[in-house]
Amino acid sequence: MPESTAAAKPVTVRCLFCETLNRVDLTRLANRPKCAQCGRPIRLDVPVKATESDFDRTVQTAAVPVLADFYADWCAPCRMMAPTVDSLAHDRAGEILVLKVDTDANPQLAQRFGIRGIPTVISFRDGKEHRRHVGAADRETLDRLLV
């Protein structure tokens with residue numbers, strides 16, 4: 001009997017270890033994707049750090065909704081919200097892609113998206129901004145951004 005095939009859900013993400021961009025099919029997360037360059041694991045059940053050099057490609061080529069958390073390490077509300085963002089990435093792995101954007105390290109991205117307060121969370125669909133929330137958010141608020 002032929003195995004059922006789900007439609008591919010590709011995303012392009014940077015390897016945490018060697019910084020190579022990799023195309024990963026979210027329908028195959030159970031196969032534990034690895035970097036094509038260094039062979040280390042690519043985990044998408046945790047937020048993925050995004051930078052000015054890869055943000056556009058990641059968001060525009062994602063076949064799933066993307067939630068980008070614009071934060072700074074020194075921001076107390078950002079640190080308080082981090083476990084909720086982590087939980088969302090874990091619980092919805094394969095359905096969505098969660099990105100973390102450090103506004104101090106990526107000031108041009110923050111400026112381009114008009115980030116005036118952090119945390120700011122923006123959801124993207126088909127490469128375009130869908131919804132946003134400024135300030136600390138609970139899980140329900142994050143889920144609503146993705147609807």
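Two strands pair if DSSP finds at least two bridges between them. Helices (H or I, at least four residues) and strands (E, at least two) are DSSP runs, numbered from the N terminus. This is a predicted model, so local features need pLDDT of at least 70 and side-chain atom pairs pLDDT 80 or more, while totals for chains, interfaces and linings use all residues. Residues count from 1 along each chain as its sequence is written, and side-chain values use heavy atoms, without hydrogens or water.

**Exercise 1.** Work out in which order the five strands of the open sheet lie, and which strands are at its edges.

*Solution.* Start with the order: E3-E5-E4-E6-E7, with mixed pairing. Next, look for strands that pair on one side only: those are E3 (48-49) and E7 (128-134). Now zoom in on the E7 end, where E6 (residues 120-125) runs antiparallel to E7 and six bridges join the two. As a check on the register, Val-121 stands opposite His-133 in E7. Finally, add the helix: H2 (residues 76-91) packs on the sheet and touches E4 (66-71), E5 (97-102) and E6. Its direction makes about 155° with that of E5 (axes are lines fitted to C-alpha atoms, for helices over the stretch in contact, and angles run from 0 to 180 degrees between N-to-C directions).

**Exercise 2.** Decide whether Ile-122 is buried or exposed, then list its contacts.

*Solution.* First place Ile-122: it's in strand E6. Then take its relative accessibility, 0%, so Ile-122 is buried (under 20% relative accessible area; exposed is over 50%, partly exposed in between, with a 1.4 Å probe and protein chains only). Last, go through the contacts (heavy atoms within 4.5 Å). Leaving aside neighbours within four places in sequence, Ile-122 touches Val-66, Leu-67, Ala-68, Phe-70, Phe-113, Ile-115, Glu-129, Arg-131 and Arg-132. His-133 is eleven residues along the chain from Ile-122, with 6.5 Å between their C-alpha atoms.

**Exercise 3.** Do the same for Thr-58: where does it sit, and is it buried or exposed?

*Solution.* Thr-58 belongs to helix H1 (residues 55-61). Its relative accessible area is 2%, so Thr-58 is buried too. Beyond its neighbours within four places in sequence, Thr-58 is in contact with Thr-12, Val-13, Leu-97 and Leu-99.
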